[in-house]
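Colleague: I would like to go through this model and hear the grounds for each label. Where shall we start?

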Amino acid sequence: MTLCLFWALLMAGVYCSVEGWRFGDSLYFTFCTMVTIGYGDFAPTTETGKGLFLIFGLFGVGFNTVLIGKLSEWVSSGLRRVKKKKTVAEIEMSRNPVALNHDSSSNRDSHSSYNNNKNN
């Protein structure tokens with residue numbers, strides 16, 4: 001993610017100087033290129049800008065693809081952890097349903113050893 005941000009800011013700065021755009025316009029162009037929207041309202045007009053665009057487009061889209069892959073991996077691992085916690089709780093509940101009951105009086109009253117000792 002840091003690499004994508006660094007690349008976008010770097011290329012925005014480059015387009016500021018090469019094309020003479022304002023930084024905000026350069027950043028907008030950079031973002032639209034990296035996410036492959038390509039509105040067409042900004043386009044490099046100088047030979048240097050066009051050449052840099054080829055390099056920028058290849059690396060920018062590649063960085064963005066890696067970023068999306070890492071984000072989806074992060075979300076997926078989070079969902080697996082939530083599912084695993086739920087599964088562990090279900091296993092514990094099936095082994096000892098009384099142990100997970102939070103009402104202490106019902107735990108005590110339903111436990112057989114407590115009832116046996118209470119009667120003696």
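Modeller: With the pocket. The model is predicted, and its largest pocket is lined by 13 residues, among which C4, L5, F31, M34 and L67 lie nearest the centre. The volume of this pocket is about 270 Å³.

Colleague: Which helices supply at least two residues each of the lining of the largest pocket?

Modeller: Helix 1 (2–19), helix 2 (23–34) and helix 3 (47–95) each do so. In the protein as a whole there are five helices and zero strands, and the pattern along the sequence reads α-α-α-α-α.

Colleague: How do the residues of that lining divide into nonpolar, polar and charged?

Modeller: Eleven are nonpolar, two are polar and none is charged. Leu, Phe, Met and Cys count as nonpolar, so the residues nearest the centre, C4, L5, F31, M34 and L67, belong to the nonpolar class.

Colleague: Why is L58 called exposed?

Modeller: The relative accessibility of L58 is 69%, and exposed means over 50%, so L58 counts as exposed. L58 is found in helix 3. Together with F53, L54, I55 and F59, L58 makes a nonpolar surface patch of about 520 Å².

Colleague: What is V61 called at 29% relative accessibility, and why?

Modeller: Buried would need a value under 20% and exposed a value over 50%. V61, at 29%, meets neither condition, so V61 counts as partly exposed. V61 lies in helix 3. Its C-alpha is 9.4 Å from that of C4, although V61 and C4 are 57 residues apart in sequence.

Colleague: What makes the contact of R22 with D25 a salt bridge?

Modeller: The closest N and O atoms of R22 and D25 are 3.1 Å apart. The cut-off is 4 Å between a side-chain nitrogen of Lys or Arg and a carboxyl oxygen of Asp or Glu, so the pair R22 and D25 qualifies as a salt bridge. A search of the whole structure finds one salt bridge.

Colleague: Are the two partners buried or exposed, R22 and D25?

Modeller: R22 has a relative accessible area of 60%, so R22 is exposed. D25 stands at 18%, and the limit for buried is under 20%, so D25 counts as buried.

Colleague: Why is E19 called buried?

Modeller: E19 has 13% relative accessibility. That value is under the 20% limit, so E19 counts as buried. E19 is found in helix 1, and its C-alpha is separated by 9.8 Å from that of E47, 28 residues apart along the chain.

Colleague: What percentage of the residues of the protein count as buried?

Modeller: Of the 120 residues, 21% count as buried.

Methods: Residues numbered from 1 in each chain as written. Predicted model: local features only at pLDDT ≥ 70, side-chain atom pairs only at ≥ 80, totals over all residues. Heavy atoms only, no water. 1 Å grid on protein atoms, 1.4 Å probe; cavity = no way out; pocket = protein on both sides within 12 Å on 5 of 7 lines; lining within 4 Å. Points joined across faces, edges and corners; volume = space filled by probe spheres on them. Helix = DSSP H or I, 4+ residues; strand = E, 2+ residues; numbered from the N terminus. Patch = residues over 30% accessible without salt bridge, like charges linked within 9 Å, V, L, I, M, F, W, Y side chains within 5 Å. Areas by Shrake-Rupley, 256 points an atom, 1.4 Å probe, with all protein chains shown as cover. Buried < 20%, exposed > 50% of the residue type's maximum accessible area, 1.4 Å probe, protein only.
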